[in-house]
Amino acid sequence: MARDLTPPDPTPVLDLLNAFRKSKVMFAASSLGVFDALAAGAKTGAELSADLRADADALERMLDGCVALGLLEHAPGGYANTPAAAAYLTTSSPLRMLGYANYSDAVLWKLWAHLDDAVREGTHRWKQTYGWDGPIFQNFFRDEAAKREFLFGMHGFGLMSSPHVVTALDLSRFATFVDLGGATGHLTVAACRRYSHLRGVVFDLPEAVPLAREVVGATEVADRIGFVGGDFFADPLPLGEVYALGRILHDWSEPKIRTLLAKIHAALPVGGGVLIAEKLLHDDKAGPEWAVLQSLNMLVCTEGKERTLGEYESLLTAAGFTDVTAKRTASPLDAVLALKAK
């Protein structure tokens, strides 16, 4: 019998060889200010070269790369932002994810360069990459600029996912919503918008609270939201009927998660709940792709990982919670709710 010498489809390998190039085009265009320069309308390559003080030929190649990637388009006046770039990659947009794009380029890109060492050793790469020791969030908040960059990066993701999280499961039974590690307050704002009777509290490290006040203060639900600075591992928790953990548990190891969930359980009234907003892995852990890659991201920059619903259920029931329900969403985060038994 003749052997089939037809080679397999190389597309998966070719796509991955090209993937980092695509990311870097977006990161570099953001860093250079391309999308902000086009926020007011189309410009020619020559105009952008002068505005951005960039080599005309090299910039044109980058601009054409952005067109190929769906970030820019050709317009009568030259190059123009696509709707996606205008919404997510300009500093003037309320939906912006520019902070996270810049953070991915300036910080995460370098951490991911040591993924092989992270896999060998099973630990994050802050020390190897930057020479930094101490808790991970001290590294995020090393100065005011780094803090705002990180928090606004999370804010962009929050605007995309928080409305889905608070509508995925019924929270109408609760009167007080306490968002632990609430960053800019996007989850609390979304919850208060969804439930007109709800009052919220944003709880985060003291250095994060001023920005939360700034962001929440610009919303129509600001009068129903308060702020408390503290460390949820070390300090008393504000009183509440439901505690939210949005993109929190994936940062930490199982022992720390058990400590935090036990603390939340003790602080809750009977019938109170804990809302977990994370992207759930499939039971076989082979998907969804976003969660699998995010779990590797947690490896290089935290001590945590993404988990299956079954793994969260085990952690919750061990802490005394019951009635665990979950809902997958089309956003970057899913929702899990568990109650303190009556």
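**Note on the predicted model: cores, sheet and helix packing**

1. Of the 26 residues in the largest nonpolar core, those touching the most other members are Leu180, Leu245, Ile264 and Phe321; a nonpolar core here is a set of buried Ala, Val, Leu, Ile, Met, Phe, Trp, Tyr and Cys residues joined through side-chain atoms within 4.5 Å. At least two residues of this core come from each of strand E3 (176-180), E4, strand E6 (242-246), helix H13 (254-267), strand E7 (273-278), helix H15 (309-318) and strand E9 (334-340), and H13 gives the largest share, four residues. Helices (H or I, at least four residues) and strands (E, at least two) are DSSP runs, numbered from the N terminus.

2. The basis should be stated early: this is a predicted model, in which local features need pLDDT of at least 70 and side-chain atom pairs count only at pLDDT 80 or more, whereas totals for chains, interfaces and linings use all residues. Residues are numbered from 1 along each chain as its sequence is written, and side-chain values use heavy atoms, with hydrogens and water left out.

3. Setting aside neighbours within four places in sequence, leucine 245 is in contact (heavy atoms within 4.5 Å) with Leu180, Leu260, Leu261, Ile264, Val274, Leu275, Ile276 and Ala277. Another core, of 21 residues, lies apart from the largest one and includes Tyr100, Leu211, Leu299 and Val300.

4. Seven strands make up an open sheet of mixed pairing, in the order E5-E4-E3-E6-E7-E9-E8, where two strands pair if DSSP finds at least two bridges between them. E5 and strand E8 (321-327) are the edge strands, each with a single partner strand, so one side of each has no neighbour in the sheet. Direction ignored, neighbouring strands of this sheet are turned by 20 degrees against each other on average.

5. Strands E4 (residues 199-204) and E5 (residues 225-229) run parallel and are joined by five bridges, with valine 228 in E5 as the bridge partner of phenylalanine 203. From E4 the chain passes through helix H12 (residues 209-217) to E5 in a right-handed β-α-β crossover, meaning that, with the strands pointing away from the viewer, the path from the first strand over the helix to the second runs clockwise. H12 lies across E4 and E5 and runs at about 170 degrees to E5; axes are lines fitted to C-alpha atoms, for helices over the stretch in contact, and angles run from 0 to 180 degrees between N-to-C directions.

6. E3 and E6 pair in the parallel sense over three bridges, and alanine 244 in E6 is the bridge partner of aspartate 179. H13 packs on the sheet, where it touches E3, E6, E7, E8 and E9, and its direction makes about 160 degrees with that of E6.

7. The axes of helix H1 (residues 11-32) and helix H6 (residues 98-112) come within 9 Å and cross at roughly 115 degrees. Their contact involves Phe20, Ser23, Lys24, Phe27, Ser30 and Ser31 of H1, together with Leu98, Ala101, Asn102, Ser104, Asp105 and Trp109 of H6.

8. Two single residues complete the note. Valine 270, in the loop between H13 and E7, counts as exposed at 55% relative accessibility, whereas serine 49, in helix H3 (residues 45-52), counts as buried at 12%; buried means under 20% relative accessible area, exposed over 50%, and partly exposed in between (1.4 Å probe, protein chains only). The C-alpha atoms of valine 270 and alanine 341 are separated by 6.2 Å, although these residues are 71 residues apart along the chain.
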